[in-house]
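Grab a viewer and work through these exercises with the model open. Each one gives you a task and then a solution in steps.

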Amino acid sequence: MLSFARTPGNVLADAVRGCRRHLLFAALFSGLVNVLYLVPSIFMLQVYDRVVPTRGGATLFLLTLILAVSLIVFAVLDMMRMRLLLRASLRLERRAAPGILLRILGTDEATGAQRSQAMRDFDTIRATLTGPTILALFDAPWAPIYILISFLLHPWIGVLALASALLLGGIAILSDRVTARAARDTQVRAMLATREQDVSIHGSEVVRVLGMRNAFVTRHLLERAELVRRQSSLAATAGHFLALTKFLRLLLQSLALALGAWLAIRQDISGGAIFAASLLLGRALQPVEQILGAMKPLASARNAWRDLDAFCRRPGPAAHVTALPPPIGRIDVRGVGVLAENGERALLSDISFTVEPGQIVALVGPSGAGKSTLLRVLAGALTPDSGEVRIDGASLADWNREHLGRHLGYMPQMPSLFPTTVHTNISRFQAVLDGDSEALDAAVVQAAQVAGAHDVILGLPQGYATMLTMAEGSGLSAGQNQAIALARAMFGQPTILLLDEPNAHLDSEGEARLVATMEAMRRRGATIIVSTHRTGLLQAVDRIMVLRGGTIQLFDDRAKVLRPAGPPPGPAVAAAGGAR
């Protein structure tokens, strides 16, 4: 099983520093490659100084052979430079992606838009630091060395140039045909991975509360590893074509120089014509063209770095905390307050109460009373602006959330099911970390039976293997979604169960089954807090909390709330509905 420790400092900056050696060596090889770019010029000068005056054909042959060997070395160095950058890309992925994904799925301090954009920003930076843009920056300082004046050449040189252009154009077409399908497949996979990540981010509070963070991080890392492998293979293929194109372009331009020398020997052109300024001018213009083409990626990378650097400076989830024993279910809430996002009003104000192990507490109140917000705070899905929640005397911040999540069941109003099978949803992606097993299957079926969802699931097209869709509705009815979400909350026989409107889509039979389930869980000592706008569940609870305007109006035993000695508030309680 993979382990995800909190990375000290800024995970992005640390990861880039970890790739610095690869980038420095890539820059060194770029220098050697650019030195070898001088070989054609030296060859040209040697031909002009030695071959033409002496008309030495053998010397010309030897110089041409040396040129070919030098350019082969050049091509090898260029491929090594590409491989260094690909290795840097893989290293950057391994070092930075886990920390970024942990922050995306493990914190509620950033907005949904910021978390959705974070990994896309990382991909932009990774592509810029390890792709053609960085090569353009490596090559750019060498451009002035190659600038010379072009001059007119013999028509046969023009024919050779035309043939070279056709040859290089043919290679470019071949490269496009070879890589087109892989590029399309990679793009589709990238889009799918992005969409699945967005869905995970949408349900990230469920991921955190139910202890599925490591499973989700592993799942996304496996998807990204396959995507990066495909991208690397595609880049390697394109890199080979690029290296071959550069080799042939330089060789053919140098052969044009040899042709010019041969023509000069025959006195068809003057000696000055073989100076071949066009060769160096073409080489000098290439980095300039690359830089011009890289301006947009550089601007995008600069913006991505700024945003992602700020995102990575946010505190990540603490992974190394003292291991606490499994909770028995005592919940203490002390002065909890939650402000709306704009800070203009309080969603909860000075909420304090205690729930003993084995108790069932119902939260009731009108819409906007704060019931759902309180449940999110209790589950740890929302960090309060003031106060704290303690479980068995320990603050939520002192618990390992993955460990606590295995003993906690949480069902939000929106089921937040994920685009995978019903079995995987109920099991909280446990198979991703531990693999499939008969024991896991038994635990999934048991949770579904306890939640009354077993028959509903068997009625689906593929039963527990039914694949849910990307949409929030998951391709199922609201009642089916809720049944599966309730089974997920029951998975692992949790000690603490937090349910938000679990009977919203249940008929009377389903509600009675839920009441029986809650009573059975109470008998084994589970602590249950449930919000409801229907009175059917109240017969199973021990205490009732009435919320209004984000404050506790009443919190007492069920008998005292429903049948008080004084003027009965019962009708008000019964009328309270749609708590949010």
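**Exercise 1. A pair inside one helix**

Is Glu226 buried, partly exposed or exposed, and what is its relative accessible area? Work this out for the predicted model, then look at the salt-bridge partner.

*Solution.*
- Step 1: Glu226 has a relative accessible area of 28%. Buried would need a value under 20% and exposed one over 50%, so Glu226 is partly exposed.
- Step 2: Now find the partner. Glu226 and Arg229 meet through their side chains in a salt bridge, at 2.8 Å from N to O.
- Step 3: Run the accessibility check on the partner too. Arg229 comes out at 47%, so this residue is also in the partly exposed class.
- Step 4: Place the pair. Both sit in helix α9, 3 residues apart, so about one helical turn separates them.

**Exercise 2. A pair between two helices**

Find out which helices the salt bridge between Arg224 and Glu93 ties together, and why that counts as a long-range link.

*Solution.*
- Step 1: Check the geometry. The side chains of Arg224 and Glu93 form a salt bridge with an N to O distance of 2.9 Å.
- Step 2: Assign the elements. Arg224 belongs to helix α9 (residues 213-265) and Glu93 to helix α4, so the bridge ties together parts of the chain 131 residues apart in sequence.
- Step 3: Look at the surroundings. Arg224 and Glu93 are both buried.
- Step 4: For scale, a search over the whole structure turns up 17 salt bridges.

**Exercise 3. Across two strands, then a network**

Decide which partner in the salt bridge between Arg543 and Asp557 is buried and which is partly exposed.

*Solution.*
- Step 1: Confirm the bridge. The closest N and O atoms of Arg543 and Asp557 are 3.5 Å apart.
- Step 2: Locate the ends. Arg543 is in strand β9 and Asp557 in strand β10 (residues 551-557), with their positions 14 residues apart in sequence.
- Step 3: Apply the classes. Arg543, at 18% relative accessibility, counts as buried, while Asp557, at 34%, counts as partly exposed.
- Step 4: Finish with a network. Glu93, Asp123, Arg126 and Arg224 are joined into one by salt bridges that share partners.

**Exercise 4. A threonine in a loop**

List what the side chain of Thr532 has for polar company, and say how accessible Thr532 is.

*Solution.*
- Step 1: Thr532 is in the loop that runs between β8 (527-531) and β9 (543-548).
- Step 2: Don't let the loop fool you: the relative accessible area of Thr532 is 0%, so this residue is buried.
- Step 3: One polar contact, of 3.4 Å, goes from the side chain of Thr532 to that of Asn503. In addition, a polar atom of the Thr532 side chain lies 2.9 Å from the backbone oxygen of Arg534.
- Step 4: Leaving out residues up to four places away in sequence, Thr532 touches several others, among them Leu363, Lys371, Glu501 and Leu538.

**Exercise 5. Strand pairing**

Work out how β1 pairs with β2 and β4, and compare that with the pairing of β6 and β7.

*Solution.*
- Step 1: β1 (residues 331-339) and β2 (residues 346-355) run antiparallel, joined by 6 bridges. For the register, Val333 stands opposite Phe353.
- Step 2: Check the connection. The two strands make a hairpin with 6 residues between them, and Gly343 in the turn has a positive phi of about 70°.
- Step 3: β1 also pairs with β4 (residues 386-391), antiparallel over 5 bridges, and here Arg334 faces Glu388.
- Step 4: Switch to β6, which runs parallel to β7 (residues 496-500) with 4 bridges; Tyr410 is opposite Leu498.
- Step 5: Side chains in a regular strand alternate between the two faces of the sheet. In β6 (residues 408-411), Leu408 and Tyr410 are on one side, Gly409 and Met411 on the other, and all are buried, leaving both faces covered.

**Exercise 6. The cores**

Which residues have the most contacts inside the largest nonpolar core, and which helix gives the most to it?

*Solution.*
- Step 1: This core has 98 residues, and Ile100 and Leu378 have the most contacts inside it.
- Step 2: Helix α4 (residues 57-106) is the top contributor, with 18 residues.
- Step 3: A separate core of 42 residues includes Leu417 and Val546.
- Step 4: Back to Ile100: beyond four places in sequence, its contacts include Val11, Phe122 and Leu308.

Conventions. Residues are numbered from 1 along each chain as its sequence is written. This is a predicted model: local features need pLDDT of at least 70, side-chain atom pairs count only at pLDDT 80 or more; totals for chains, interfaces and linings use all residues. Side-chain values use heavy atoms; hydrogens and water are left out. A nonpolar core is a set of buried Ala, Val, Leu, Ile, Met, Phe, Trp, Tyr and Cys residues joined through side-chain atoms within 4.5 Å. Buried means under 20% relative accessible area, exposed over 50%, partly exposed in between (1.4 Å probe, protein chains only). Contact means heavy atoms within 4.5 Å. A polar contact is a pair of N or O atoms within 3.5 Å; within protein, one must be able to donate a hydrogen and the other to accept it, and residues adjacent in sequence count only if both atoms are side-chain atoms. Two strands pair if DSSP finds at least two bridges between them. A salt bridge is a side-chain nitrogen of Lys or Arg within 4 Å of a carboxyl oxygen of Asp or Glu.
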